[in-house]
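Let's walk through this structure together, starting with how far the model can be trusted and moving on to the links between side chains.

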Amino acid sequence: FPGQLDSAPGVSHSVPVETASTNANLVDNWNRLLAEDFEGSFPQNPCAVYDGSDDGFNRSWGRNNLRSASGLWAGWPASAGADSVNPAMSHYPANLDSWLICGPFDMRAAQDLVAQFARWMEINDADDYFFVGASVDAVTFHGIAWSGVDEWAAYHVWFQGVAGEEQVWVGWLFHSDADENRAAGVWLDDVELWRYN
């Protein structure tokens, strides 16, 4: 993303990721690193948005009030940029690689890193997906991807292999291919990152 990447981020699914359907009991030594509900200015430090596509268009994550898990606003992957798309008027665009990347976070004294967020999804094409992952270089992200149809639901993703690292980034990606099989896409809301020290 601007000012920090020498090349576009990549996605890998080789590092195990655990998901849980219930919230962890937050006790002493849990530290909230990030809280983003899309109700105010977006993006805010330490997060940035990045259009990784090479199709000549500029579209990235932005705020949108078509649907939300709470409040009035949520994030949609093509709501911002010079070539932004209105999800009330159109499905998500083809050839999209829209990143929301947050960090770096210091994990040297930490044992666990967990992302929790709400997600609404309508992705009919199996080659299009929503991804969340972690990275130690802000270029290659390891995590988990979804496609399909879902109402608003809360997700918790625990990242393995990042404890003890000096710098860790967490990224959310929406990817679409070039075909015409598109739908409403994905909305992201109530994002939090927690570190267990």
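**Confidence and cross-links**

The protein chain has a mean pLDDT of 89 (pLDDT being the predictor's confidence in each residue, from 0 to 100), and 86% of its residues reach 70 or more. Over residues 1-8 the pLDDT falls below 50, and this stretch has 16 contacts (heavy atoms within 4.5 Å) beyond near neighbours in sequence. Residues 12-25 also stay under 50.

A word on the ground rules: this is a predicted model, where local features need pLDDT of at least 70 and side-chain atom pairs count only at pLDDT 80 or more, while totals for chains, interfaces and linings use all residues. Residues are numbered from 1 along each chain as its sequence is written, and side-chain values use heavy atoms, leaving out hydrogens and water.

Now for the covalent link. The whole structure holds one disulfide (a pair of cysteine sulfur atoms within 2.5 Å). Its partners are C47 and C102, with sulfur atoms 2.0 Å apart. C47 sits in strand β4 and C102 in strand β7 (strands being DSSP runs of E, at least two residues, numbered from the N terminus), so the pair ties together parts 55 residues apart in sequence. Both cysteines are buried (under 20% relative accessible area; exposed is over 50%, partly exposed in between, with a 1.4 Å probe and protein chains only).

Salt bridges (a side-chain nitrogen of Lys or Arg within 4 Å of a carboxyl oxygen of Asp or Glu) number five. One of them joins D150 to R119 at 2.5 Å, linking strand β11 with strand β8. R119 is buried at 0%, whereas D150 is partly exposed at 27%.

Definitions and conventions: Helix = DSSP H or I, 4+ residues; strand = E, 2+ residues; numbered from the N terminus.
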